Amino acid sequence: MSAVPDEKYRETWRKMVSDSRLAVLVAVLGDDIVGVITLDANGVFPTNAPHETRVRLVGIFVEPGRWSNGVGSALMARFVSVARQADAVGEVDVWERNSRAIRFYERHGWTRDGTSRPGPAGAEYIGFVHLP
């Protein structure tokens with residue numbers, strides 16, 4: 001099951017983009033914003049593991065008409081670059097029913113970390129990490 005954006009989903013993204021606690025990277029084609037990726041604005045934060053820091057990818061959104069055209073891959077490459085520059089592990093939670101997103105993350109080198117948390121519609125969010 002893929003999560004296809006509706007107006008409620010787009011409104012959630014509008015709020016995320018204006019949230020001062022989040023950093024936003026934007027993909028632009030011509031005059032159009034076609035995708036955004038948000039990350040924890042605090043950037044790198046320590047974990048309980050010695051000598052490990054993490055950067056949280058809060059979310060990625062690409063206009064459906066731009067899916068499979070490299071926009072998401074370009075945004076992901078930028079996020080991975082930010083994490084690598086900080087020598088940090090990237091982390092993200094993905095809704096388990098969004099098989100398209102799971103394939104996307106796995107294609108870009110993310111692996112499941114064994115964590116999960118409750119999500120909507122009785123489905124969990126599953127944790128993924130991207131190593132530096």
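User: Which elements do the buried residues of H2 pack against?

Analyst: The buried residues of H2 pack against strands S1 (22–29), S2 (32–40), S4 (53–62), S5 (89–95) and S7 (124–130), and against H3. Contact here means heavy atoms within 4.5 Å, and buried means under 20% relative accessible area, with exposed over 50% and partly exposed in between (1.4 Å probe, protein chains only). Helices (H or I, at least four residues) and strands (E, at least two) are DSSP runs, numbered from the N terminus. This is a predicted model, in which local features need pLDDT of at least 70, side-chain atom pairs count only at pLDDT 80 or more, and totals for chains, interfaces and linings use all residues. Residues are numbered from 1 along each chain as its sequence is written, and side-chain values use heavy atoms, leaving out hydrogens and water.

User: How many helices and strands does the protein chain have?

Analyst: There are three helices and seven strands in the protein chain. Their order along the sequence is α-β-β-β-β-α-β-α-β-β. Of the 132 residues in the chain, 35% are buried.

User: Which residues of H2 are buried?

Analyst: A general idea helps first: an α-helix has 3.6 residues a turn, so residues three or four places apart point the same way. In H2, the buried ones are Val71, Gly72, Leu75, Met76, Phe79, Val80 and Ala83. They span an arc of only 165° around the axis, and so lie on the same side of H2; the arc is that of the directions from the helix axis to the C-beta atoms.

User: How many residues does H2 have, and what span does it reach?

Analyst: H2 covers residues 71–85, which is 15 residues, and reaches 21 Å from its first C-alpha to its last, close to the 21 Å expected at 1.5 Å a residue. That expected span is 1.5 Å times one less than the number of residues.

User: How many residues of S5 are buried?

Analyst: Six of the seven residues in S5 are buried, so S5 is largely enclosed by the rest of the structure. The route into S5 is worth tracing: the chain leaves S4, passes through H2 and arrives at S5 in a right-handed β-α-β crossover. Right-handed means that, with the strands pointing away from the viewer, the path from the first strand over the helix to the second runs clockwise.

User: In which sense do S5 and S7 pair?

Analyst: Two strands pair if DSSP finds at least two bridges between them. S5 and S7 pair in the antiparallel sense, over six bridges, and valine 94 stands opposite isoleucine 126 in S7. S4 and S5 run parallel and are joined by three bridges; there, valine 55 stands opposite glycine 90 in S5.

User: Now the loops, please. Where is serine 68 found?

Analyst: As background, most residues other than glycine have a negative phi. Serine 68 is found in the loop between S4 and H2. Its phi is positive, about 65°, although serine 68 is not a glycine. Serine 68 counts as exposed, at 70% relative accessibility.

User: And what is the phi of aspartate 87?

Analyst: Aspartate 87, also a residue other than glycine, has a positive phi near 50°. Aspartate 87 sits in the loop between H2 and S5 and is exposed, with a relative accessible area of 57%.

User: Finally, is alanine 101 buried or exposed?

Analyst: Alanine 101 is buried, at 17% relative accessible area. Alanine 101 belongs to helix H3 (residues 99–107). Its C-alpha atom is 9.5 Å from that of isoleucine 60, which is 41 residues away along the chain.
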